[in-house]
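Me: Could you help me see how the words used for a protein structure are earned? I would like to check each label against its rule.

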Amino acid sequence: MDNFENFSASDKAEAAELQRMIAIEQQKAQFQAQCVDSPGSKLDNRTETCLVSCVERFIDTTLTITNRFTQMVQKGAH
């Protein structure tokens, strides 16, 4: 966490929490990458549902992380 030396203790805790969330989401992504058994010309229903869910979770996670960083930046600007 050397990159956060100018942050307050609460900002450092928030940054640590974000890093933990990112690590968890990366682990989830690795498990979810197993949706597709073998490539083919068409996805079966199960694979399509799995991939849609993965994309939705990726978007949710990206928005959450972006919002948290925006909040941290705005706090730092005040």
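**Checking the labels**

Reply: Gladly! Let's start with salt bridges: in this predicted model, the count comes to 5 salt bridges.

Me: Why is the meeting of Arg 68 and Glu 14 called a salt bridge?

Reply: The rule asks for a side-chain nitrogen of Lys or Arg within 4 Å of a carboxyl oxygen of Asp or Glu. For Arg 68 and Glu 14, the N to O distance is 3.9 Å, so the pair meets the rule. Arg 68 belongs to helix α2 and Glu 14 to helix α1, so the bridge ties together parts that are 54 residues apart in sequence. Glu 14 and Arg 68 are also linked with Lys 75 in a network of salt bridges.

Me: What makes Glu 14 count as buried?

Reply: Buried means under 20% relative accessible area. Glu 14 has 13% relative accessibility, so the label is buried. Its partner Arg 68 has 26%, which lies between 20% and 50%, so Arg 68 is partly exposed.

Me: How do you know that Arg 20 and Glu 17 form a salt bridge?

Reply: Their closest N and O atoms are 2.7 Å apart, and the limit is 4 Å, so this pair qualifies. Both residues lie in helix α1, 3 residues apart, about one turn of the helix. At 45% relative accessibility, Arg 20 is under the 50% mark and so counts as partly exposed. Glu 17, at 32%, is partly exposed too.

Me: What makes Asp 60 and Arg 57 a salt bridge?

Reply: Here the N to O distance is 2.6 Å, which is within 4 Å, so the label fits. Asp 60 and Arg 57 both sit in helix α2, 3 residues apart, about one turn of the helix. Asp 60 has a relative accessible area of 37%, so it falls in the partly exposed range. Arg 57, at 34%, is partly exposed as well.

Me: Where is the largest pocket lined, and by what kinds of residues?

Reply: The largest pocket holds about 240 Å³ of space. It has 12 lining residues, and those closest to its centre are Glu 25, Ala 29, Arg 57, Phe 58 and Thr 61. The elements giving two or more residues to the lining are α1 (9-32) and α2 (45-77). The lining divides into 5 nonpolar, 4 polar and 3 charged residues.

Me: How many of the chain's residues are buried, as a percentage?

Reply: Of the 78 residues in the protein chain, 14% are buried.

Technical notes
Residues are numbered from 1 along each chain as its sequence is written. This is a predicted model: local features need pLDDT of at least 70, side-chain atom pairs count only at pLDDT 80 or more; totals for chains, interfaces and linings use all residues. Side-chain values use heavy atoms; hydrogens and water are left out. Buried means under 20% relative accessible area, exposed over 50%, partly exposed in between (1.4 Å probe, protein chains only). On a 1 Å grid over the protein atoms alone, a cavity is a set of points where a 1.4 Å probe fits but cannot get out, and a pocket is an open set with protein on both sides within 12 Å along at least five of seven lines; lining residues have an atom within 4 Å of a point. Grid points are joined across faces, edges and corners, and a volume is the space filled by probe spheres set on the points. Helices (H or I, at least four residues) and strands (E, at least two) are DSSP runs, numbered from the N terminus. Ala, Val, Leu, Ile, Met, Phe, Trp, Tyr, Cys and Pro count as nonpolar, Asp, Glu, Lys and Arg as charged, and the others, Gly among them, as polar.
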